[in-house]
Amino acid sequence: MIFDTHCHLNHEDFIDNTKEVIDAAFNNGVDAFLIPGWDYESSKAAIKLSNEFDNCYAAIGIHPSDVKRYHDSIISDLKKLSLDKRVVAIGEIGLDFYWDKEEESKQKQREFFIKQINLANELNLPIVVHSRDATLETFNIIKNNPVNKKGIIHCFSGSVETMKEYIKLGYMIGIGGIVTFKNANEILKVVSECTIENIVVETDSPYLAPHPYRGKENKPEYITLVIDKIAELKNMDKNEVIKITNENGRRVFGI
Ligand SMILES: [Zn+2]
C-alpha cells in the first residue's frame, strides 16, 4: 500500500469531504497519510484528523511564509501540541524566499527554522522541510544544525548534486506531482539518480496536482500518477516502488 507522506487534509478544501477523500485514496491503494501543519491552527487540525482516522498522522510546525505572524512563545505552544501521540514530526518548516524578499523577513524565517529544528531534537522527532528559492541556505542550515531523526525534503526541487548531499546527511527526498509535469527537467534526473531507499512519495494535496490534473485541486488518490512516473524513470516494477517508498516513509516517522 502507498504512503502519501505530505497531504494537507487539514486544508479548508477538505473540511466537508475528508472521509470521501480518504476512502477514494484507499481504493487507489493509499493506506497512510502524513498531514503537515503550516501554522498553529492547521497543526491542531492535523492532530484532530489523525485522532479521527486510523491511518492519518500529524506533523506540527510553522511554515516559513507564516512565521511573521508569530512570537517566540509559539515554540512552547507547539511543544504542548506535540504531547499527542499522533504527532510524528515537526513540519512543515524551512525557508521560502519566493514570497518574502526583504532581509528582515528572511532573517525571521532563518531564526524560526532553527528554533523548530531545536524543538524537533528536544522531542526526538524528524522534520518535514519546505524550501523554495532558498536551496543552498536551507541545506546549510540543516547541515549546520543536525537533526537526530533526520527527515524529508518535501517537494524536492534542487539539483542532482544537492539531492546527493542530502542523502549523505541521511535525508529522504520527497517526490510529488512536479515529476509528471511536461516541463519537468532536473527533477527527472534527480529521480533517476536517487536510490529508491531515499525516496518517499507525496501529493501536497490540494496543491501541485500531477499531470493531467495540473492546475486543479490535488487529492491523495492521484498519487498513483507519481508512482507510475517513478517506476518508469527507474525502470522498476510499480509494486516494488510502492513497497519500498512506503517502508521509507514509515522508517522516517517511526510508524
Ligand atoms: Zn505542504
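Me: What makes strand 1 and strand 2 count as joined, and which way do they run?

Reply: Strand 1 and strand 2 share 3 bridges and run parallel; two strands pair if DSSP finds at least two bridges between them, so the requirement is met. Strands (E, at least two residues) and helices (H or I, at least four) are DSSP runs numbered from the N terminus. Within this pairing, D4 has F33 of strand 2 as its bridge partner. The model is predicted, with local features requiring pLDDT of at least 70 and side-chain atom pairs pLDDT 80 or more, while totals for chains, interfaces and linings use all residues. Residues are numbered from 1 along each chain as its sequence is written, and side-chain values use heavy atoms, leaving out hydrogens and water.

Me: Why is strand 2 called mostly covered?

Reply: Of the 7 residues in strand 2 (residues 30-36), 6 are buried. Buried means under 20% relative accessible area, exposed over 50%, and partly exposed in between (1.4 Å probe, protein chains only).

Me: Which residues are the protein donors of the zinc ion?

Reply: They are H6 (NE2), H8 (NE2), E92 (OE) and D204 (OD), at 2.1 to 2.7 Å from the zinc ion. Donors are N, O and S atoms within 2.8 Å of the metal (3.2 Å for Na, K and Ca), and sites may look incomplete because water is not among the atoms. H6 is in the loop between strand 1 (2-4) and helix 1 (18-27), and D204 is in the loop between strand 8 (199-201) and helix 8 (223-234), so this pair ties together parts 198 residues apart in sequence.

Me: Why is the arrangement around the zinc ion called irregular?

Reply: The 4 donor atoms subtend angles of 86 to 173°. Four donors are tetrahedral if all angles lie between 85 and 135 degrees; four are square planar and six octahedral if opposite donors are over 155 degrees apart and all others between 65 and 115; anything else is irregular. The arrangement therefore counts as irregular.

Me: Are H6 and D204 buried or exposed?

Reply: H6 has 0% relative accessibility and therefore counts as buried. D204, at 7%, counts as buried too.

Me: What makes the largest cavity's lining uncharged, and which residues form it?

Reply: S131, T135, I153, H154, C155, F156, S157, G158 and Y166 line the largest cavity. They divide into 4 nonpolar, 5 polar and no charged; Asp, Glu, Lys and Arg count as charged, Ala, Val, Leu, Ile, Met, Phe, Trp, Tyr, Cys and Pro as nonpolar, and the others, Gly among them, as polar. On a 1 Å grid over the protein atoms alone, a cavity is a set of points where a 1.4 Å probe fits but cannot get out, and lining residues have an atom within 4 Å of a point.

Conventions
On a 1 Å grid over the protein atoms alone, a cavity is a set of points where a 1.4 Å probe fits but cannot get out, and a pocket is an open set with protein on both sides within 12 Å along at least five of seven lines; lining residues have an atom within 4 Å of a point.
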